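Thanks for coming. I have one structure to go through today, and I will take it piece by piece.

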Amino acid sequence: MDNEVRQMLRKVRRIDIATRRAANDTFAGRFQSVFRGRGMDFDEVRPYVPGDEVRTIDWNVTARAGAPFVKKYREEREVTILLAIDVSASGDFGSTERTKREIEAEIACLLALTAVRNNDRIGLILYSDCIETYVEPKKGRTHVLRLVREILACKPRHRGTELAQALDFIDRITKRRAIVVLISDFKGGGDPGAATTGLDRALQAVRRKHDLVAMCVQDRHEQTLPDVGLLTLEDAESGEIIEVDTGSAKVRQRYAAAATEERAQLRKTFRKQGIDTAEIDASVPYMPTLVEFFRSRGRRRR
């Protein structure tokens, strides 16, 4: 076994341990209310009690029994969760000991392990500016660990990002309603906002059929330039190399303004489509942000 494989397996093990407790304790009680099943199935009838809605009365049973009875339903709990994870080159950045890609893998594992507890099916799409990997939704802990290995071991053929293409792929292959979780830094090579260009149609198509959620994993240290004089920068996705005078206050201000505008455009795009979004800073612990996202989404869906 070579060193690269050993390192990857150690990462899988660490992510498994780090997320297992959170999946069991922190999210187990919220997951069902936040990510609901496909609908309601008839369960049984029971005698009417004051406070029951009149529309739930089963008039046929009521007529036969001579007393009011109501229909009782239960949620069809099993759902399919599809994780669509951006593996473009911008995910290799990290200002701490972990890259954005590793944070994405941890979040994916946390969601997958929680789904396993609810007997849900979970699938995986890894995308750059093409579909790099697709794993069909299945159940089981072994399947979940396979997904984490796929994320960490992925060596993308391409460096760029094309979210619209990934969404079109999801729209084609996923016929039944699913929960689609986009996990990405939502950055594209070139001009600020490139990652959101032309997304409206693709987002709308997926949003009509599925429950679409966005997990935006960014690093705050990407939003500003340090004052260190002349600096050579390379765009991770386009490969473009430029020299920047970070000693100039105007240069730093323009860079920060462009980064702020990019994030504002992203928020506007998701808000327009009614997509719930969690903004995660990869440079600090992400659990409080996820907990608040689950809590807030759960309140809105009551």
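**A walk through the model**

I start with a hairpin. Strands β8 and β9 form a hairpin with 6 residues between the strands, and in that hairpin Gly 239 has a positive phi near 80 degrees. The pairing of β8, residues 230–234, with β9, residues 241–245, is antiparallel and runs over 5 bridges. To place the register, take Thr 232: its bridge partner in β9 is Glu 243.

Now the chain as a whole. This is a predicted model, so I should say how confident the predictor is. The mean pLDDT of the chain is 82, and 80% of the residues reach at least 70. Among the elements, strand β5, residues 131–138, has the highest mean pLDDT, at 95, and helix α2, residues 28–34, has the lowest, at 57. The chain holds 9 helices and 10 strands. Of its 302 residues, 45% are buried. If you take contacts between residues at least 6 apart in sequence, 76% of them join residues at least 24 apart.

Next, strand β4. Is β4 enclosed or open? Of the 7 residues in β4, residues 121–127, 6 are buried, so the strand is largely enclosed by the rest of the structure. On one hand it pairs with β3, residues 80–86, in the parallel sense over 7 bridges. One bridge there joins Ala 84 to Ile 125 in β4. To get from β3 to β4 the chain goes through helix α4, residues 100–117, and this β-α-β crossover is right-handed.

β4 also pairs with β5, this time in the antiparallel sense, over 5 bridges. β4 and β5 make a hairpin, with 3 residues between them. For the register here, Ile 122 has Lys 138 in β5 as its bridge partner.

From there I move to helix α6. Which residues of α6 are buried? They are Leu 163, Ala 164, Ala 166, Leu 167, Phe 169 and Ile 170. As general background, an α-helix has 3.6 residues a turn, so residues three or four places apart point the same way. The buried residues of α6 pack against β3, β4, β5, β6 and α7. At the N-terminal end, α6 is capped by Glu 162, with a side-chain oxygen 3.4 Å from the backbone nitrogen of Ala 164.

Now the aromatics. How many aromatic pairs does the structure hold? There are 3 aromatic pairs. One of them is Tyr 134 with Phe 169, an edge-to-face pair at 5.5 Å centre to centre, with 80 degrees between the planes. This pair links distant parts of the chain, since Tyr 134 sits in β5 and Phe 169 in α6, residues 163–173, and the two are 35 residues apart. Phe 169 has a relative accessible area of 14%, which is under the 20% cut-off, so Phe 169 counts as buried. Tyr 134, at 33%, is partly exposed.

Another pair is Phe 293 with Phe 294: the ring centres are 6.0 Å apart and the planes stand at 75 degrees, so this pair is edge-to-face. Both residues are buried, Phe 293 at 6% relative accessibility and Phe 294 at 1%.

Last, the loop between β6 and α7. Lys 187 lies in this loop, which runs between β6, residues 179–184, and α7, residues 199–209. Is Lys 187 buried or exposed? Its relative accessible area is 12%, so Lys 187 is buried. Its side chain makes a polar contact of 3.5 Å with the side chain of Glu 262.

Phe 186 is in that loop too, between β6 and α7. Phe 186 is not a glycine, yet it has a positive phi of about 55 degrees. With a relative accessible area of 4%, Phe 186 is buried.

One caution concerns residues 189–197. Over that stretch pLDDT stays under 50, and the model has 13 contacts for it beyond four places in sequence. Where pLDDT is low, the predicted coordinates should not be read in detail.

That is what I have; I can go back to any of these parts.

Definitions and conventions: Residues numbered from 1 in each chain as written. Heavy atoms only, no water. Helix = DSSP H or I, 4+ residues; strand = E, 2+ residues; numbered from the N terminus. Buried < 20%, exposed > 50% of the residue type's maximum accessible area, 1.4 Å probe, protein only. Polar contact = N/O pair within 3.5 Å; in protein donor to acceptor, adjacent residues only side chain to side chain. pLDDT = per-residue confidence, 0-100. Contact = heavy atoms within 4.5 Å. Phe/Tyr/Trp six-rings, centres within 6.5 Å; stacked < 30°, edge-to-face > 60°. Pairing = 2+ DSSP bridges. Right-handed = clockwise from strand over helix to strand, strands pointing away.
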